[in-house]
Each structure stands twice: as C-alpha cells, then as structure tokens.
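Got the viewer open? Let's go round this one stop by stop, with something to select at each.

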Amino acid sequence: MESGDLPALDLRNIWKVFGPGDGSRAIELVKNGMSRSDILQQTQQTVAVRDVSFSVARGETFVVMGLSGSGKSTLIRCLSRLIEPTQGEVSLSGDNLLAMNEEQLREVRRGRMSMVFQHFGLFPHRKVIDNIAYGLEVQKIDKQARIAKATEMLKTVGLDGWADHYPQQLSGGMQQRVGLARALAVDPQILLFDEPFSALDPLIRKEMQDELIRLQKTMQRTVVFITHDFAEALRLGDRIAIMKDGSFDQVGTPEEIVSSPATPYVREFVNDVPRAKVLSVKTVTVAGTAATSSRTVMSTAKIETIIPMLLEGDEAITVTDASNKIIGIVNRQSVAKILQAEQK
Amino acid sequence: MKSRIGGLLVLIIAAQTFGTRGFPESLNIGLAEPITGVQSWVRKNRSSNWSFKFFFNPLISVVEFGLNCVESFFTWLPWFIPAIVVFAVIARTRRWGVAVFAAFAVVYPGIVGVWSESIVTISLMAVSVLMCVLVGVPLGVLTALNTRTESILRPILDGMQTVPATVYLIPIVLVFGIGPAPAAIATVIYALPPMVRLTALGIQQVPRSAVEAAQMFGATKRQVLAKVQLPLAVPSIITGINQTVMMALGIVVIATLVGAGGLGQEINQTVRRLQPGRGLIVSLAVVAVALVLDRVSMSLVSNPGAQRIRIKRNTLYIGLICLAVMAVIGRVFGWVEFPFSWGTSFADPIDTGFKWFRTTFDVVTRPFNDFVVREILVRAQTLFNETITWQAIVVVASAFSYYVAGWKLSLLTAGGITFIGLTGRWPDSVDTLAQTVVAVIISILIALPLGIWLGRRPRAESIISPVLDAMQTIPCLVYAIPFVMIFSVGPVPGIVAAVVYAIPPGIRLTSLGIRQVNYESLEAATTFGATQRQVLWGVRVPLAMPSIILAINQMVMMVLAMAIISGMVGGGGLGYRSIEALTKPDSGLGVEVGIAIVIMATILDRLLQATAKRLQAPVAI
C-alpha cells in the first residue's frame with residue numbers, strides 16, 4: 001500500500017490515565033463500568049481519555065468539540081506526545097509515533113507537525129519575526145533564509161510591518177496570527193490547534209475563523225482542531241467529534257450531527273444551532289415532481305440559500321444531484337418541518 | 001471531646017505534681033564534648049589533613065585572591081568613576097531621577113568619611129554574590145527541572161532560613177579559620193537560598209505553552225533551557241541576585257565576628273563606643289551600597305521592548321575609552337581618595353540629640369525599662385524555671401500543637417522542647433523565649449493596626465513603603481544603638497530594636513492582605529448596605545487573616561533573628577551564648593545554642609503556618 005492511501009493521522013484505542021502508577025488497573029475498572037469518582041477514590045487516578053480512535057485523511061479538517069474537562073486538550077497532547085498516552089497507537093501516514101525515540105520524535109516535530117496554542121505560547125523575549133522563525137532556528141537553518149521565510153509567513157497572516165514588535169505589544173488576535181504564522185513557517189503536513197481562538201473576543205474570533213478557512217483553501221493541510229464552541233466546530237470542521245468525559249459521543253460531518261444527533265448530550269448542542277445554515281437541501285428533499293422545472297437547486301446547497309426562492313412562488317423546487325440528475329423536490333412544507341424541529 | 005479535655009487536665013496536674021521544676025542539669029547529654037573534640041582535631045590537622053590541603057585551604061586562597069583583586073581595583077580607581085558608571089547604566093532606562101540619586105548614593109560613603117571601609121564591604125559583596133550566582137543558578141535550574149534534586153534541596157533551603165546567621169558562622173570558623181575569606185564564604189552560605197529559590201521559581205513560572213511550543217518545534221532539552229526557559233527566567237534570577245545582595249548586606253555586621261572588616265566593623269565599634277550618630281551615618285552607607293546595587297541590577301533587566309536609550313557600539317567604545325582616560329588622569333593628579341569628609345558634622349548633633357532625649361525622657365524610659373525587666377522577664381523566668389515543671393510545659397505545648405496542627409507537630413513540639421532541655425540550654429532558652437514573646441506582642445500591637453489602616457489607603461502606603469524598604473536593609477545591630485543609648489544596657493534595648501526591626505514586614509504583609517481581598521466580595525458587602533466598618537471587620541479582616549498570620553509569623557522569625565544582636569547589647573539568653581561561642585571560640589556551645597534556636601524557630605514557625613492554613617478559606621478540589 002502506498003503511503004498516500006494511508007490516513008495522515010490514525011489513532012487507535014488511545015487511553016490516558018493521570019495519577020500514580022501505570023494506569024492499567026484504572027483502565028480495567030473503566031471497562032468494568034466503574035464511575036470516574038469511584039476510580040479516583042480507589043486508585044487516586046483520573047482517566048482523562050478513554051479508548052478514543054479516529055483517523056484523519058490528508059487535507060481534512062477534523063474538529064474535536066468538548067466542554068472543559070472533557071479530555072480534549074489531553075487528547076491533542078497525546079497525539080503530539082507532549083503527554084505520553086497510557087495505552088494505544090498513534091500513526092502518522094503509517095509511521096508509529098509512540099515507538100519513536102526522542103531523536104525521531106524531534107524530527108517529526110521539526111518537519112511534519114506543528115501546533116497553535118490556546119494562550120498563544122509565544123516567546124515574550126523574542127520579537128514577532130524571531131518567534132515565527134523559531135521552528136526554523138531549531139532546525140539550524142541559516143538566519144537569512146529563516147528571516148525570509150518568516151517575513152513571507154508574516155505577510156500570509158496579514159501582519160507585515162509588525163516584525164520588530166514584541167508579542168505583548170500586539171492585540172490578542174494579532175498574537176494568535178503570529179502563533180499561526182509560526183506554525184506554518186515550518187511547512188508542516190499536520191497542524192494541531194488547541195482551542196486557538198477561545199481567548200479572543202467574538203468578532204475577532206470570527207475573523208480568525210474566516211482567515212483559517214481562507215488559508216486552508218489554498219494550503220490543504222491536515223488539521224486537528226480542538227474547540228469548546230459548537231458553532232466554531234460546525235464552521236470549520238469537515239468532520240466533528242463530540243467529546244464527553246474522555247470519549248467520543250459522536251463522530252460525523254456537521255450535517256450528520258445536526259440532522260441526527262446520536263445522544264441527548266449532542267442533541268443539547270444541536271438544539272441551539274440554526275439548521276438552515278448547516279443542513280443542505282438534500283435533507284429536506286421529498287419525493288415528487290415539480291409543476292415546472294424552471295426552478296432547480298443543487299442538493300448540496302444550504303437550506304438558507306433557497307428560502308428567497310420559496311418565498312417567491314408557491315410551487316415546489318426541483319432538486320438535482322452533482323451529476324444534474326433530478327432526485328426530488330423541496331417545498332415550503334418540507335423546509336418548515338425541519339425548521340420547526342428546531343423550535344422544540 | 002469532653003473526656004479528652006478531662007484527660008489532658010489530669011495529665012497536666014500529674015506532670016505538675018510529680019515533675020521537676022526547671023530542667024535538671026543531670027539530664028544534660030553533653031552534646032558539646034564530641035564537637036569540641038572535632039574542634040581540637042581540626043586545629044591540629046588543619047595543615048596536614050588532605051581535605052584541608054586539597055580543598056578547604058585552596059578554596060580560601062582563591063576567595064582571598066578574588067577579594068584582593070576587587071579591593072585593589074576599587075582602591076586604584078579615582079572616586080568619581082564609579083559614580084559616573086552607575087549614573088550612565090541607570091540613565092539608559094531614562095529614569096533620570098533614580099540615576100542622579102544612585103550616583104549620589106555612590107559618593108555618600110565618601111562624604112561621611114567611610115570610603116575605604118565601603119570598598120572593603122563592596123569587595124566582600126561582589127565576591128560573595130558572584131559565588132552565590134555561580135553556585136545558585138545551576139542549583140536552581142536543577143531544582144526546577146529535576147524532582148529528585150528538588151525533594152532533597154527544598155527542606156534544606158527551608159531549614160536554612162530559620163537558622164540564625166551566627167550558627168552558620170561556627171562551623172565555618174571551625175573549618176576555615178578567621179579572616180575576610182571565611183567571612184565571604186559564610187556570607188555565601190547565608191545568602192544562597194534566595195538565589196536558588198528564585199532561579200527555580202523563574203524557570204517553573206515560564207508559561208507551559210511556551211515550553212510546549214518549543215518542544216513542538218522539535219527543540220532539544222538543552223535548546224528549550226537555553227533559548228526559552230533561562231531567558232524568560234532572567235527577571236526572576238535578577239530578583240534572586242537582589243535578594244542575595246540584601247541578605248549579604250544584612251549580615252555585614254555579624255560577619256565582622258569572623259573577621260570581615262569594612263563598614264560592619266565600623267558599625268560594631270560605634271555600638272561599643274555608644275555613638276548612635278556615627279552608627280546611623282555609617283549604616284546609611286550600607287543602605288547606600290544596597291540601594292546602588294539594587295537599582296543597577298534592576299536597570300540591567302527590563303521588559304522586552306521597553307523604552308531605553310539605544311547606544312551605538314562605537315559610542316559605547318568611545319565612552320569606555322573616555323572613562324579609562326579619566327581614570328588615568330585621576331590617578332596622575334592624585335584624585336583618588338574622596339577629597340573631603342563631613343562625617344562628624346552629621347554625627348555629633350545626632351549624638352547630642354540622643355543624650356538630650358535620654359536625660360529629658362528619663363521619667364518615661366526608666367520605669368518602662370524596669371517594668372519590662374522586673375514584671376515580665378524576671379517573672380517569666382521564675383515561672384518557667386521554678387514554678388511550672390518542665391514536664392507540664394511539654395504536655396501543654398504539645399496539646400496545643402495537637403489542637404492546631406495534629407499529632408505530627410505535637411510530637412515535634414514535645415521532642416523539640418525536651419531536646420532543648422537535654423542540651424543543657426534550658427535557662428538560656430527561657431530567657432530568649434520570654435524576650436521574644438514580649439517583642440512579638442509589642443510588634444503585633446503596632447504592626448497590625450498600622451497595616452490594616454494602610455491597606456485601605458494606597459496613597460499613604462506608596463509614601464511609606466520606600467521607608468519600610470530602607471528599614472529592612474539597615475543592619476539590625478544599628479537599630480539597637482539608639483536604644484542602648486536611651487535605655488541602659490540590658491534586655492530592653494534588644495527588645496525595642498527587635499520590634500523596630502520586625503514591624504516593617506509585619507505592616508507590609510498585613511496591608512497586602514487587606515488590599516488583596518477579592519474586589520467582588522467587597523462590592524457584594526457594600527451592595528447589601530454594610531457600613532465601612534462592617535466591610536472592614538466583617539469581610540476584609542477575616543479574608544486577610546491568613547496573610548495577617550503570616551505577618552505575625554514573619555515578625556516572630558525576625559525577632560528571633562534579632563536575638564543574636566540583642567546578645568551583643570547585653571540581652572543575655574541564647575544570643576549572648578552564641579556570641580560567647582563565636583568569640584572564644586567554643587564550637588560545642590555554639591552547636592547547643594544553634595540547636596536550641598533552630599528548634600524554637602521551627603516549632604513557632606510550624607505552629608503559625610498551621611494556624612494560617614486553618615484560617616484559610618477551604619479551596620475547591
């Protein structure tokens with residue numbers, strides 16, 4: 001099998017237990033169905049991540065969404081080995097990450113993977129430009145080349161002119177752009193984001209999300225993105241995992257999750273989401289034929305985009321798939337039904 | 001609960017009935033003898049044993065060489081050069097006022113006529129602080145990064161802070177003899193803990209995400225340390241150097257007991273000659289040295305990106321050359337020694353003032369003196385030596401410890417008190433304890449109300465806090481001088497000096513506690529219509545209680561540290577014994593005294609810490 005067919009990132013049965021000892025007993029107890037607090041009492045150990053498996057394809061954006069204490073930060077640190085997982089396997093395009101020695105791990109971190117941090121993780125004693133060039137400096141790339149690369153990255157994130165400032169002279173949003181530029185400067189295949197925008201205020205957060213979407217369109221990196229914001233997960237994710245108490249409640253595309261939440265926990269998040277923005281026409285398509293075929297719409301369009309058409313005229317609209325084949329119709333009733341579900 | 005109290009009462013009564021009053025001398029375990037044996041062994045073998053030949057003696061030679069180099073350099077240098085350099089270094093941060101003030105502080109010792117003594121002290125400081133940095137920074141890094149080193153070093157560092165300086169001096173005199181170099185080594189050992197602690201703290205405080213980021217880019221451990229952790233720890237390390245300097249200056253007087261000259265010796269003499277005026281102006285020279293070192297080190301570090309004057313490399317070279325030329329010209333024309341001295345013109349009026357004060361307020365000071373000595377100290381002595389049996393004391397003290405902090409501290413208290421008796425230092429310890437308690441009570445009565453008052457008045461605080469800072473850098477012996485003048489020689493000047501010495505940190509910590517009370521709690525109280533007074537006593541003071549207890553704790557420690565000094569001015573007790581041990585020298589006695597003081601300090605410290613913890617609001621898990 002060629003390495004191109006392998007997922008960029010593949011996690012199998014990852015466990016992380018904090019506390020004294022090797023943690024295998026706590027894992028046993030979890031498998032026997034014991035509760036968190038009982039395990040803590042018996043073993044002084046906390047099970048932060050329990051049996052998580054997922055894989056991310058090349059160029060895909062995978063979002064892990066969970067509230068604080070759900071284990072998402074631990075999970076992203078397990079897959080970069082900032083924290084050693086207690087059990088499980090992590091492979092990068094087929095290479096076993098957990099079997100690597102320190103030297104090999106450093107090589108992976110220098111070229112193949114980089115990370116953006118929640119509180120930016122910038123070095124306050126270095127200028128913006130030297131922060132961005134840090135990854136290259138560690139690789140002993142000569143100064144001229146790394147400054148050139150860093151300057152280019154600075155431009156990519158829209159901060160040209162700020163090279164000689166220190167991080168704390170910048171606003172939060174700008175600091176995180178520096179963090180992003182620093183991660184991009186080493187040209188990594190995999191980008192890890194640990195709640196990168198949660199410390200920013202809502203308008204700046206939205207701006208940064210747009211920036212990331214724009215960059216991702218041109219770069220096509222493999223991204224693992226951690227967030228506690230469900231709306232952010234829906235905007236950015238090709239696929240989303242909802243994490244609770246250390247394990248995944250549901251994994252799926254935004255549309256799958258919104259249209260059919262797997263657990264009551266997931267449903268609680270979904271209830272607050274304006275469905276018309278997330279769901280595509282396909283989910284409200286019903287069988288039948290329209291009176292006229294002059295009005296057609298692609299099945300992948302978001303529902304929100306056809307509302308003006310529905311208001312324009314009474315008749316149903318024809319729905320076609322990607323190959324222009326007619327698959328059914330939408331009408332006011334079918335759309336109203338799904339929007340009504342939102343009100344419950 | 002009731003049966004427990006009953007049992008305790010029975011135990012106390014039994015101990016009081018069947019026990020012995022005062023600690024019987026027959027129980028003295030003779031701790032001194034083996035140590036005195038070591039002392040005489042060391043004396044005999046100092047020139048022949050390998051450990052002296054190949055380690056201790058060469059170490060002394062190196063330190064001596066360093067001291068001589070620094071000293072002759074500063075003696076060679078014309079007096080105005082250091083002032084210019086200090087001004088230039090601080091002026092770079094654009095704080096002109098501070099720069100002028102510091103430059104003035106440089107020439108101050110010259111003005112009051114102790115220029116050459118200052119040079120001796122500065123050399124001692126420079127060499128000791130350099131050694132502290134060379135040893136302390138690596139130790140601090142190890143402490144921060146290696147948990148095993150930390151678990152070994154922490155308790156040692158904690159212990160070192162409660163051990164009074166004279167106790168360090170005894171083994172040093174034993175091993176290294178007497179002279180400036182042993183004094184430097186003693187200073188290093190005394191001043192090392194803050195260097196290690198603050199380096200470790202600086203490294204541990206580096207944001208986790210910065211370290212993780214460096215790791216994520218594949219930095220090696222060495223790269224993370226050299227390029228991220230150490231640079232970010234620099235401000236903390238500089239603070240450590242600062243603290244080290246302050247501590248080193250703090251024992252400048254005590255260091256004279258093992259042969260350091262300079263300002264310390266000068267101060268020591270003013271005490272003997274009862275010249276408070278001269279004592280004060282020489283002490284201000286110590287303060288000036290502290291101030292200069294403090295401001296210069298602070299100006300060397302500043303936040304990245306802070307506004308400072310940038311100097312081109314060429315300008316810097318030209319400046320250095322100019323300085324060198326000026327130094328040579330100064331030498332040629334003989335402008336080396338400070339050209340004039342107004343020392344006596346400041347000192348004499350102060351002396352006269354104190355004499356006047358003494359005769360005028362005799363009606364107040366004498367009764368106070370007599371009251372403290374007769375009614376409190378003598379009574380306490382009779383109480384502990386003749387009225388209560390030592391067994392009853394042990395029972396009561398450990399019961400109290402049990403109530404506050406559980407059985408561990410209770411065992412420590414019982415064992416500790418008994419052990420003090422076994423060393424044969426019971427009467428001396430009773431003396432010191434009585435003096436300490438009196439001094440602490442007076443300090444509490446002054447410091448807490450002042451601290452509570454200041455805590456709500458930031459403006460008054462900002463005026464007073466530099467004064468408090470300056471008070472802390474003045475060597476403690478200096479505090480004793482005026483009070484020896486006012487009261488006669490005896491325990492009272494020591495007590496009063498201890499109070500004056502201990503209240504600045506007491507005020508500081510109390511007002512800090514009052515000020516740092518959560519703003520929302522105060523607003524909540526106010527919105528419920530609480531009056532100012534209700535907010536203060538119902539919210540501020542209770543929430544500040546842990547901080548207030550720590551203030552008391554700090555004052556106890558400082559009063560105990562002052563016990564030695566009070567021995568120098570006739571206070572008796574363990575302080576007097578430690579001076580006796582050092583000057584004879586009698587290592588056996590020194591170790592006994594040291595153990596007694598350390599036990600007392602540890603028990604009091606633990607008790608107060610435990611009380612503070614009990615008063616702290618419970619934290620969510």
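Two residues count as being in contact when their C-beta atoms, placed from the backbone, lie within 7 Å. By that rule, start where the chains meet: the contact takes 17 residues from chain B and 21 residues from chain A. On the chain B side, select helix H10 (208–216) and helix H11 (221–250), each of which supplies at least two residues of the side that touches chain A. H10(B) gives the largest share of that side, 6 residues. Colour the chain B side by residue type and you get 10 nonpolar, 6 polar and 1 charged (Ala, Val, Leu, Ile, Met, Phe, Trp, Tyr, Cys and Pro count as nonpolar, Asp, Glu, Lys and Arg as charged, and the others, Gly among them, as polar).

A word on what you are looking at: this is a predicted model, where local features need pLDDT of at least 70, side-chain atom pairs count only at pLDDT 80 or more, and totals for chains, interfaces and linings use all residues. Residues are numbered from 1 along each chain as its sequence is written, while chains are lettered from A and ligands numbered from 1 in the order in which they are written. The predictor gives the complex an ipTM of 0.73 and a pTM of 0.72. Chain B has a mean pLDDT (the predictor's confidence in each residue, from 0 to 100) of 82, with 95% of its residues at 70 or more.

Next, hide chain B and show chain A as a cartoon. Its C-alpha atoms fill a box of roughly 70 × 55 × 45 Å, taken along the principal axes. You should find 15 helices and 13 strands; these are DSSP runs numbered from the N terminus, helices being H or I of at least four residues and strands E of at least two.

Now pick out the open sheet of 6 strands in chain A, in the order S6-S7-S8-S3-S9-S10 with mixed pairing. Strands S6 (113–116) and S10 (247–252) of chain A stand at the edges with a single partner strand each, so one side of each is left without a neighbour in the sheet. Strands pair here if DSSP finds at least two bridges between them. Zoom in on S3 (residues 61–66) and S8 (residues 222–227) of chain A: they run parallel, joined by 5 bridges. One pair to label is A:Thr61 and its bridge partner in S8(A), A:Val223.

Last stop: bring chain B back and select helix H26 (residues 573–583). Is H26(B) mostly covered or mostly open? Mostly covered: 9 of its 11 residues are buried, meaning that 20 or more other C-beta atoms lie within 10 Å of a residue's own, with C-beta atoms placed from the backbone. Among them are B:Tyr576, B:Arg577 and B:Ile579.

Note on methods
A residue is buried if 20 or more other C-beta atoms lie within 10 Å of its own, exposed if 12 or fewer, and partly exposed in between; C-beta atoms are placed from the backbone.
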